[in-house]
Amino acid sequence: MGWVWKSLNSSIGKKLVMAITGICLILFLVIHLINNLTLYAGPDLFNTVVKSLDGIKPLIRVVEIILGLIFILHIINGVRLWIENKKARPVNYTVNGSSKNTTVFSRTAFFTGSIIFIFLVIHLRTFWVAFNMGSELAESHRYYDILVEAFQSPIYSGLYVVAVLLLGFHLNHGFQSAFQTFGWNHKKYFPLIEKIGTIYAVIMTIGFASIPIYFLFFFGGK
Amino acid sequence: MEHKKINLTLKIWRQHGPKTPGSFVAYKVAVSPDSSFLEMLDDINNDLESKSLEPIAFESDCREGICGTCGLVINGQPHGPIPRIATCQLHMRNFKEGDTIYIEPFRAKAFPIIKDLMTDRSAMDRIMEAGGFISVNTGSVPDGNAIPIAKEIASESMDAAQCIGCGACVAACKNASAMLFVSAKVSQFALLPQGMPERYQRVETMVKVMDEYGFGSCSNTYACEAECPKGISVKNIARMNREYFMAKIKSTNVKV
C-alpha cells in the first residue's frame, strides 16, 4: 500500500487531506453553532442540551477523539504545506503584486488559520476544560454560568469576536477551495458553491460573534 | 507621428550569475509611448553596449505573444499590469510620465536565475517529457471526422492547449506552484479520445516530476489564472485533480 502513502504526500494528495478535513470541520461548525444558539432560549434549554450530551459521554468521547484528529491533521498538514510552499520560492519579490490578482481571503488563509489555532487552545481551556473537569457537584445552571462568567471578560469576548471574524475569512476561502480541490469546478455549479461558501462564512461569523456580544453588552438578556 | 517621450525610472534586477547575489540597478530612460517593453530594454542594451557596459540579459523570441519565451515580473505582476498578454505585447503607453517600474525575473526554486532577468525554466520541459504527449505509433493521416468529437469538447481542449508554457503561473503563485501549467497540459489530452490510452499514466508521472522539481502546492488563490497571458482557466486544475484521483483508483502503477 506504499502508493497510498506516496499519493497522499504528493502535491495534490496534501491538498486533498486539507479539503476533506476542512469539509469535516465545516460540518462540525454547523452543529457547534446550533448548540450555541440554544443559549438565546435561556439557561434551561442550554443546560438541558449540555446535560443530555453528558448522558452519552462514551459516544461523545469517541466523537471528540475523531474531531481532535481531524483538527490535528488539518493543522499539521496546513503548516507543512506552508513551510514547503515557502521553500518553493526562496527569494521573494521586491514588489508584491498579490493584491492585484488574489482575494484577501485566499492570501491570508495561513495567517487566519494560525490565529484561529491560538484562539482554539484558549477556547478549549475556557470551556472544554471547565465543562469536563469542573466540580462534580453540578448545580442546575452550572454550564450556563461558566459561559456568563467567561463572557464577562471584555478581553476574552473581544478575542472571541476577532477570532470568529478571521474564521469567517478562513471559511470564505476554504469552502470553495475544498470543492476546487475535489475537482468539482463546473461552469454551472461553481459560482453557486462560491456564493454558498460566502453565505455560510457570514452566518458562522455573525452566529458565533453574536454570543459574546449578547452576554457582554446585554448581560444575556437580563 | 511623433509622440512626446515619457520619462521613467526603471529598477532592473541585475545578477551576474546563478550563484552571485543580485540587486536592483536604476536606469533613467525617456521612451516613446509607442515602444514595446522589450524594445525599451533593447534600447537600454544598445546604449550600455555603446559604453562597453554589460547588457541586461532577458529572454524573448517571437515577440508576438505565442512562443512563451519572454517573461518579466513588472511591478510585482508577471507580464505586467495588462491582463491576457505576454511581456512582449506590453507597450509603454500603459505607463505614465514619472513612473518607477520594478523589473524582476520569475522567482521560484524550480526556476533558477541564469543571469539578470533570465531563468532556467527547463523543469517545465522535464514535466512535458514525463507525459505531455500522445504516442502515435503507426499509420498515415486519418480521415477527417473519423473520430467524432463534439465542438464544445474540442474547444475546451484547444483552450487548454493555448498554454504557451511561459511560467507566469509559477511566477504569480504565492507558492510557486506549476499546477496551472501542468493541468493545461493534462487537460488538452484528457478531453480528447486520442489522449485516453495514456490518460492515467500521464497525470501520475507529470505530477510526480512536478513535485520532484520543488514547485509548491496549489492554495486555490487563482493568481495564476489572473496573470496567465492566455487566460488558462483554473477549471483545468480541477480537471487535473479529478484525473489524478481517478488515476489513483484505476491505474496499475504502484510506484507513484
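Visitor: What makes the reach of helix α5 (residues 179-190) of chain B close to the expected one?

Guide: The expected span of a helix is defined as 1.5 Å times one less than its number of residues. With 12 residues, α5(B) should come to 16 Å, and from first C-alpha to last it reaches 15 Å. Before we go on, please remember that this is a predicted model, in which local features need pLDDT of at least 70, side-chain atom pairs count only at pLDDT 80 or more, and totals for chains, interfaces and linings use all residues. Residues are numbered from 1 along each chain as its sequence is written, while chains are lettered from A and ligands numbered from 1 in the order in which they are written.

Visitor: What does it take to be called a helix or a strand here?

Guide: Both are DSSP runs, numbered from the N terminus: H or I over at least four residues for a helix, E over at least two for a strand. Counted this way, chain B has 8 helices and 7 strands.

Visitor: Why is α5(B) called mostly covered?

Guide: Here is the rule: a residue is buried if 20 or more other C-beta atoms, placed from the backbone, lie within 10 Å of its own, exposed if 12 or fewer, and partly exposed in between. In α5(B), 12 of the 12 residues are buried, including Met179(B), Phe181(B), Lys185(B) and Phe189(B). These buried residues pack against α2, α3, α4, α6, α7 and α8 of chain B. Over the 256 residues of chain B, 45% are buried.

Visitor: Is Ala176(B) buried or exposed, and how do you know that?

Guide: Ala176(B) has 26 C-beta neighbours inside 10 Å, so it counts as buried. You will find Ala176(B) in the loop between α4 and α5 of chain B.

Visitor: What makes the phi of Ala176(B) worth a look?

Guide: Most residues other than glycine have a negative phi. Ala176(B) is not a glycine, yet its phi is near 50°, a positive value. Tyr222(B) also has a positive phi, of about 70°, without being a glycine. Tyr222(B) sits in the loop between α6 and α7 of chain B, and its 22 C-beta neighbours inside 10 Å make it buried.

Visitor: Over in chain A, is Asn92(A) buried or exposed, and how do you know that?

Guide: Asn92(A) has 11 C-beta neighbours inside 10 Å, and therefore counts as exposed. Its place is the loop between α4 and α5 of chain A.

Visitor: How do you know what span to expect for α4(A)?

Guide: From its 31 residues, at 1.5 Å a residue, 45 Å is expected, and α4(A) reaches 44 Å, which is close. The buried residues of α4(A) are His74(A), Gly78(A), Leu81(A) and Asn85(A), and they pack against α2 and α7 of chain A.

Visitor: Why are α6(B) and α8(B) called roughly perpendicular?

Guide: Axes are lines fitted to C-alpha atoms, for helices over the stretch in contact, and angles run from 0 to 180 degrees between N-to-C directions. Angles under 35 degrees count as roughly parallel, over 145 as roughly antiparallel, 65 to 115 as roughly perpendicular, and the rest as oblique. The axes of α6(B) and α8(B) cross at roughly 110° and come within 9 Å, so the two helices are roughly perpendicular.

Visitor: What about α8(A) and α10(A)?

Guide: Their axes are 9 Å apart and the angle is about 80°, so α8(A) is roughly perpendicular to α10(A) as well. Leu147(A), Val148(A) and Phe151(A) of α8(A) meet Pro212(A), Phe215(A) and Leu216(A) of α10(A).

Visitor: What makes those residues nonpolar, polar or charged?

Guide: Ala, Val, Leu, Ile, Met, Phe, Trp, Tyr, Cys and Pro count as nonpolar, Asp, Glu, Lys and Arg as charged, and the others, Gly among them, as polar. The contact of α8(A) with α10(A) has 6 nonpolar, no polar and no charged residues.

Visitor: How do you know that residues of chain A and chain B are in contact?

Guide: Two residues are in contact if their C-beta atoms, placed from the backbone, lie within 7 Å. On this test, 40 residues of chain B are in contact with 36 of chain A. With 8 residues, α8(B) gives the most to the side of chain B that touches chain A. That side has 19 nonpolar, 11 polar and 10 charged residues.
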